[in-house]
Amino acid sequence: MDLQPSHASPILTDPVSKSRLGIHSSLLAYSQQDSPLSPGKYTKSNSKKNMGSLDDVRSNGWLDAMKASSPPRKKSVLKGSSALVASIDFDMEDYNLWMLEYPSALGAFEKIIDHAKNKKIAMFLDYDGTLSPIVEDPDCAFMTEPMRTTVRRVAKCFPTAIISGRSRDKVFDLVKLTELYYAGSHGMDIIGPVSDTLHENHPDCVKSTDDQGNEITLFQPAKEFLPMIDEVFRTLIDITKDIEGAKVENHKFCVSVHYRNVEENNWTVIAQRVHDILKNYPRLRSTHGRKVLEIRPVIDWNKGKAVEFLLESLGLTDMNDVLPIYIGDDKTDEDAFKVLRESNRGCGILVSSVRKDSNALYSLRDTSEVMRFLQRLVNWKRKQERKHGKK
Ligand SMILES: [Mg+2]
């Protein structure tokens, strides 16, 4: 990455009023299917006796994917258990080897900020597993106050967006910061920054008002799927109600089926039932997250496209002038890492305490390391501003 001549970069601190809008060509790329969407149009096959054979989920690799995307937690070391100690030593060694390929963003901090000099940083953050630890009950995935304070400081220094698989409303309820941009449902539900021009020209933009009566603009490329998602959500609730620990969440543009609290010998049952329902919804697909199956529209839109959209909307597309940083922990974040890696214009940071293949360039072990990295970035930025005579 080339460095630009030294100058102080303007900082965007007000997500809505100071933004400039552009529209990314990929917004128009997803193909419209022929069949109209309406609730109740689909044949429901939620009767358990109609379920397909278990071979379906095996042959489709669902079970393998469920296990692969849900690595077991590290066992605690028992006194006198030399086998366990040896196994943990091996894990550490393996992780350290993996870090040669994905160096710690803390260790490589100087190198990262070297690229950021004279550029505007645009910060993109996943929520679960990145800002908040993964917990048994997804409703209790709260971020700590120090993390909230840190993210607020980050947003004062750099344009900052949270891109989450959760619904936009839910992630806002958890984060509670008005200084940020929010992209919920894996980027399918973005609030601001959208100008009147885009609103007039693009059918996926809608004007609305928030709870306080303020005018807001939403970008929702999958809004035609809303009735279908709602129908599937209700069906999934019904077919999983007898599976202990299963939890179905409606994220507005996608649905999550959590099996974190389901006995492993019931994973096949849950996978088979979800698989059978999806046979009736060819315009929906499933992806595997951490102990969660996510059902979402077949649409050419993902977290990577959301990053491109936000960068363009903010007028931050000049790769010589902008350094996007994306921090995330999950498979769905790989689309964003890939966009940054392929365009050679930013820095993807994977949060993981275990070895994983990734399109990210760097790694951080857990949420506490994410917080330390963000704090260092804020401190560096403030130092830069002092150097350039800003308060
Ligand atoms: Mg995550």
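**Exercise 1. A helix on a sheet**

Which strands does helix 9 lie across, and at about what angle does helix 9 run to strand 10?

*Solution.* Keep in mind that you are looking at a predicted model. Begin by finding helix 9, which covers residues 267-278. This helix lies across strand 8, strand 9 and strand 10. Its angle to strand 10 is about 5°.

**Exercise 2. The four-stranded sheet**

Work out the strand order of the open sheet of four strands, and explain why strand 7 and strand 9 each have a side without a neighbour.

*Solution.* Step one is the order: the sheet reads 7-8-10-9, with antiparallel pairing. Step two looks at the edges. Strand 7 (247-250) and strand 9 (284-289) each have a single partner strand, so one side of each has no neighbour in the sheet. Step three is the twist: on average, neighbouring strands here are turned by 20° against each other, with direction ignored.

Now zoom in on one pair. Strand 8 (residues 255-258) and strand 10 (residues 292-297) run antiparallel and are joined by four bridges. For His258, the bridge partner in strand 10 is Val292.

**Exercise 3. The nine-stranded sheet**

Describe the open sheet of nine strands, then find the bridge partner of Val351 in strand 13.

*Solution.* A useful reminder: strands of a sheet pair through backbone hydrogen bonds, either parallel or antiparallel. In this sheet the pairing is mixed, and the order is 5-6-4-3-2-1-11-12-13. Its edge strands are strand 5 (205-209) and strand 13 (362-364), each pairing on one side only. Neighbouring strands are turned by 25° against each other on average, direction ignored. Next, follow strand 12 (residues 347-351), which pairs with strand 13 in the parallel sense over three bridges. The partner of Val351 in strand 13 is Leu364. Finally, helix 10 (residues 303-313) packs on the sheet, touching several strands, among them strand 1, strand 2 and strand 11.

**Exercise 4. Two packed helices**

How do helix 5 and helix 12 pack, and how many of the residues in their contact are nonpolar?

*Solution.* Two packed helices are described by the angle between their axes and the distance between the axes. For helix 5 (residues 145-157) and helix 12 (residues 367-387), the angle is about 35° and the axes are 9 Å apart. The crossing is left-handed. Now list some residues that meet: helix 5 brings, among them, Met147, Val151 and Val154, while helix 12 offers residues including Val370, Leu374 and Val378. Sorting the contact by class gives nine nonpolar, three polar and three charged residues.

**Exercise 5. The magnesium site**

Which residues coordinate the magnesium ion, and are Asp126 and Asp329 buried or exposed?

*Solution.* The ion is coordinated by Asp126 (OD), Asp128 (O) and Asp329 (OD), at 2.1 to 2.2 Å. Along the chain, these donors follow the spacing D-x1-D-x200-D. Asp126 sits in the loop between strand 1 (120-125) and helix 5, and Asp329 in the loop between strand 11 (322-328) and helix 11 (334-342), so the two tie together parts that are 203 residues apart in sequence. With a relative accessible area of 5%, Asp126 is buried. Asp329 is buried too, at 1%.

**Exercise 6. A loop residue**

Where is Asp357, and which residues does Asp357 touch?

*Solution.* Look in the loop between strand 12 and strand 13. Asp357 counts as exposed because its relative accessibility is 72%, and the cut-off for exposed is over 50%. Leaving out residues up to four places away in sequence, Asp357 touches Tyr102 and Glu334. The C-alpha atoms of Asp357 and Tyr102 are separated by 9.3 Å, although the two are 255 residues apart along the chain.

Definitions and conventions:
Residues are numbered from 1 along each chain as its sequence is written. This is a predicted model: local features need pLDDT of at least 70, side-chain atom pairs count only at pLDDT 80 or more; totals for chains, interfaces and linings use all residues. Side-chain values use heavy atoms; hydrogens and water are left out. Two strands pair if DSSP finds at least two bridges between them. Axes are lines fitted to C-alpha atoms, for helices over the stretch in contact, and angles run from 0 to 180 degrees between N-to-C directions. Contact means heavy atoms within 4.5 Å. A crossing is left-handed if the near helix is turned anticlockwise from the far one by less than a right angle, and right-handed if clockwise. Ala, Val, Leu, Ile, Met, Phe, Trp, Tyr, Cys and Pro count as nonpolar, Asp, Glu, Lys and Arg as charged, and the others, Gly among them, as polar. Donors are N, O and S atoms within 2.8 Å of the metal (3.2 Å for Na, K and Ca); water is not among the atoms, so sites may look incomplete. Buried means under 20% relative accessible area, exposed over 50%, partly exposed in between (1.4 Å probe, protein chains only).
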